[in-house]
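Work through the exercises below with the sequence and the model at hand. Each task is followed by a solution in steps.

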Amino acid sequence: MDTKKVILTGDRPTGPLHLGHYVGSLQKRVELQGKYDTYILIADMQALTDNAGHPDRVRSNILEVALDYLSVGIDPGVSRIVIQSLVPELAELTMYYLNLVTVARLQRNPTVKAEMKQKDFGANVPAGFLIYPVSQAADITAFRADLVPVGEDQLPMIEQTKEIVQSFNRTYGPVLVEPEALVPKVSRLPGTDGQNKMSKSIGNAIFLSDPTDVVATKVKGMYTDPKHVHAKDPGTVEGNPVFSYLEAFDPDAGEVKAMEQSYREGGLGDVKVKGRLIEVLEAFLAPIRRRRSEFAGDAAGVMRILTEGTLKGRTVAARTLGAVREAMHLDYYTEGRR
Ligand code: TRP
């Protein structure tokens with residue numbers, strides 16, 4: 001019997017993953033995958049909640065996201081990568097959980113609220129979108145996850161999952177595991193514009209799959225302190241994304257501190273700081289690109305990894321669903337035969 005604790009986390013396959021995903025969650029998954037029973041969900045059903053008209057976008061990004069995982073060091077021999085829609089048990093759990101949540105509570109979820117505004121749904125919010133936190137609670141509880149490594153923006157989802165778990169266990173008996181979120185110290189990487197968090201839809205992201213020249217162009221165009229016009233002027237480090245990235249990715253923390261001090265005092269130009277960042281990101285991304293192209297050359301092998309991960313995931317989810325149905329007295333045929 002496996003007594004390891006369980007990690008479940010995931011991403012919507014709506015585009016390639018970026019440095020923000022790495023800092024917010026991927027890094028932790030790689031670090032913890034040997035210690036925990038790890039499941040990583042490619043959440044295609046959740047992606048469809050705001051991409052109903054673009055199933056092909058979702059489909060093509062499944063392989064991309066899988067390659068992103070494998071290239072940053074998710075080890076398919078240890079972690080399971082699961083395709084959400086191929087585990088229909090998750091949809092069934094969602095239906096049962098929906099009765100334990102009010103519409104008002106869903107409308108109060110701060111992340112959903114912010115996304116609804118950003119996506120400009122107006123009065124036309126897809127019902128599936130409004131309830132995706134419940135489907136996420138199904139994801140997390142189906143795998144009996146103890147720990148969910150996520151970026152800060154996902155905290156409301158974990159909160160809502162806990163409420164559903166408590167309500168379920170109170171109503172039907174103690175079946176579900178209450179998860180904890182794991183948010184890294186620096187969990188929110190600003191975008192290259194310095195104004196928002198890194199996001200594909202805002203166009204301020206550096207992707208894990210970006211080639212060298214694209215990374216360089218994006219870094220050169222990055223927002224810095226607008227008052228820092230000449231190298232000799234004193235500059236501001238806080239809120240300056242170039243320094244946020246250096247803090248996150250430069251292995252030489254002492255050098256970053258020294259650069260920050262000289263930037264503040266005046267005498268260090270943006271071109272130099274950006275040059276350093278280009279080098280640092282290249283050193284970080286080069287091995288990722290290499291692994292990515294190795295896996296990309298073996299698409300059948302990647303599909304095998306997804307098939308095996310999904311199969312294993314389905315077994316676990318089916319077991320949870322069985323316990324849920326039994327607790328809810330929905331085990332009409334099997335009751336009394338155990
Ligand atoms: N909501 C997450 C995102 O926007 C994706 C996701 C789906 C997820 N199911 C999950 C994250 C379960 C953690 C746990 O990227």
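**Exercise 1. The domain interface**

How many salt bridges are there between domain 1 and domain 2?

Solution. The model is predicted, so local features need pLDDT of at least 70 and side-chain atom pairs count only at pLDDT 80 or more, while totals for chains, interfaces and linings use all residues. Residues are numbered from 1 along each chain as its sequence is written, and side-chain values use heavy atoms, with hydrogens and water left out.

Step 1. Take the bounds from an automatic or database domain assignment: domain 1 is 6-189 + 298-335, and domain 2 is 212-293.

Step 2. Apply the salt-bridge rule, a side-chain nitrogen of Lys or Arg within 4 Å of a carboxyl oxygen of Asp or Glu. The count between the two domains is two.

Step 3. Look at the pair Arg-292 and Glu-64, whose side chains form a salt bridge at 2.5 Å, N to O.

Step 4. Find the elements behind the domain 1 side, with helices (H or I, at least four residues) and strands (E, at least two) taken as DSSP runs numbered from the N terminus. Two or more residues each come from α1 (19-32) and α3. The most come from α3, with six residues.

**Exercise 2. Area between the domains**

Which residues of domain 1 lose the most area to domain 2?

Solution. Step 1. Buried area is the accessible area (1.4 Å probe) that two parts lose on being put together, summed over both. Domain 1 and domain 2 bury about 900 Å² between them, and 69% of it lies on carbon and sulfur atoms.

Step 2. On the domain 1 side, Leu-19, Ser-71 and Leu-189 lose the most, together 55% of what that side buries.

Step 3. Count contacts, meaning heavy atoms within 4.5 Å: 11 residues of domain 1 meet 10 residues of domain 2.

**Exercise 3. The two sides of α10**

Where around the axis of α10 do its buried residues lie?

Solution. Step 1. Buried means under 20% relative accessible area, exposed over 50%, and partly exposed in between (1.4 Å probe, protein chains only). In α10 (residues 212-220), Val-215, Ala-216 and Val-219 are buried.

Step 2. These residues cover an arc of only 100° around the axis, so they are on the same side of α10. The arc is that of the directions from the helix axis to the C-beta atoms.

Step 3. Asp-213 and Thr-217 are exposed on the other side of α10.

Step 4. The cover over the buried residues of α10 includes α13 (270-296).
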